[in-house]
Amino acid sequence: MTVSSDADRQLALIVEVQDLARELGIEVWLRGGWAMDFFLGRTTREHVDVDWFAWAQDAPALTAAFGARGFVRLARAPAEQQLDYTTGSVELGFAFLARDPDGHVIVAGGPWAGARWPDGMLDAPPGKLGGVSCPIISAEAQIEIKLMTPVWRPHRPRRAKDAEDIERLREGLAR
């Protein structure tokens with residue numbers, strides 16, 4: 001697949017976010033299509049945005065750092081659940097995580113606060129793509145999330161790209 005200039009900008013932003021996270025001393029994990037691509041080691045399709053997970057406690061630091069860099073905040077989801085930004089033509093979103101009393105990773109806020117994410121989601125080794133290494137959520141969690149989204153959110157039927165992504169992830173796990 002030929003990588004577009006949008007993909008180049010998104011990949012550069014992935015590197016920038018990782019550098020920023022290291023500078024702030026916080027953890028971030030790629031999720032969504034880019035997590036799949038980093039797991040597979042190749043760009044599989046065009047992406048409309050870059051999706052991340054971060055700990056809810058780090059939201060103030062992220063907000064300050066992105067504001068200082070001129071990123072524009074988009075008001076899409078409850079702030080305790082997710083922060084969305086744009087810079088140039090690239091959008092990125094940070095869904096927030098917390099832990100329940102038993103140590104399970106859960107949705108930090110918003111209408112699904114307290115819902116558990118898949119076990120082992122944050123335990124994957126970093127993914128690699130084009131010489132860039134990045135923390136990603138596990139392929140197994142990616143599959144579970146893509147399978148369960150239409151169940152969790154019935155108004156959002158499974159998209160063709162999600163079915164294709166599930167197949168790609170399963171093939172990657174089989175290798």
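The side chains of Asp 165 and Lys 146 are joined by a polar contact of 3.1 Å. This pair belongs to a predicted model, and the contact offers a convenient point of entry into it. Asp 165 sits in helix 5, which spans residues 160-174. Although aspartate is one of the residues counted as negatively charged, Asp 165 has a relative accessibility of 0% and therefore counts as buried, the limit for that class being under 20%. Beyond its neighbours within four places in sequence, Asp 165 is in contact with Met 36, Arg 45 and Lys 146.

The next residue to consider is Ile 166, which is also placed in helix 5. Ile 166 has a relative accessibility of 5% and so counts as buried. Setting aside neighbours within four places in sequence, the contacts of Ile 166 are with Ile 143, Lys 146, Leu 147 and Arg 158. Lys 146 thus appears among the contacts of Asp 165 and among those of Ile 166. For Leu 147, the separation can be stated in two ways: Leu 147 and Ile 166 are 19 residues apart along the chain, while their C-alpha atoms are separated by 7.9 Å.

Met 36, one of the residues in contact with Asp 165, leads to helix 2. Helix 2 comprises residues 32-40 and is mostly covered, with seven of its nine residues buried. These buried residues are Gly 33, Trp 34, Ala 35, Met 36, Asp 37, Phe 38 and Leu 40. Just after helix 2, Gly 41 adopts a positive phi of about 80°.

Further along the chain, His 47 lies in the loop between helix 2 and strand 2, the latter covering residues 50-55. With a relative accessible area of 9%, His 47 is below the 20% limit and is therefore buried. Its side chain has a polar atom 3.3 Å from the backbone oxygen of Arg 45. Arg 45 is itself one of the residues in contact with Asp 165. When neighbours within four places in sequence are left aside, His 47 is in contact with Gln 10, Gly 33, Trp 34 and Asp 37. Gly 33, Trp 34 and Asp 37 are among the buried residues of helix 2.

A second buried loop position is provided by Gln 81. This residue is found between strand 3 (72-74) and strand 4 (82-87). The relative accessible area of Gln 81 is 14%, so this residue is classed as buried. Not counting residues up to four places away in sequence, Gln 81 touches Phe 94, Ala 95, Phe 96, Gly 109, Gly 110, Pro 111 and Trp 112. Pro 111 is 30 residues from Gln 81 along the chain, and the C-alpha atoms of the two are separated by 8.2 Å.

Arg 9 presents another setting. It is located in helix 1, residues 5-24. Its relative accessible area of 38% makes Arg 9 partly exposed, because this value falls between the 20% and 50% limits. A polar contact of 2.4 Å links the side chains of Arg 9 and Asp 6. Residues three or four places apart in an α-helix point the same way, because the helix has 3.6 residues a turn. Apart from residues up to four places away in sequence, Arg 9 touches Ser 89 and Val 90. Arg 9 and Pro 157 are 148 residues apart in sequence, and their C-alpha atoms are 29 Å apart in space.

These local settings can now be placed in the whole protein. The protein contains five helices and eight strands, arranged along the sequence in the pattern α-β-α-β-α-β-β-β-β-β-β-α-α. The radius of gyration is 15 Å, close to the 16 Å given by the globule rule for 175 residues, so the protein is as compact as a globular protein of that length. Its C-alpha atoms fill a box of roughly 40 × 40 × 30 Å along the principal axes.

Burial and contacts can also be described for the whole protein. Of its 175 residues, 45% count as buried. Of the contacts between residues at least 6 apart in sequence, 56% join residues at least 24 apart. The accessible surface is about 8700 Å², and 53% of it belongs to carbon and sulfur atoms. Finally, the protein has 20 positive and 25 negative charges, whose mean positions are 3 Å apart.

Conventions. Residues numbered from 1 in each chain as written. Predicted model: local features only at pLDDT ≥ 70, side-chain atom pairs only at ≥ 80, totals over all residues. Heavy atoms only, no water. Helix = DSSP H or I, 4+ residues; strand = E, 2+ residues; numbered from the N terminus. Rg over C-alpha atoms; globule rule 2.2 N^0.38 Å. Buried < 20%, exposed > 50% of the residue type's maximum accessible area, 1.4 Å probe, protein only. Contact = heavy atoms within 4.5 Å. Areas by Shrake-Rupley, 256 points an atom, 1.4 Å probe, with all protein chains shown as cover. Charge placed at Lys NZ, Arg CZ, Asp CG, Glu CD. Polar contact = N/O pair within 3.5 Å; in protein donor to acceptor, adjacent residues only side chain to side chain.
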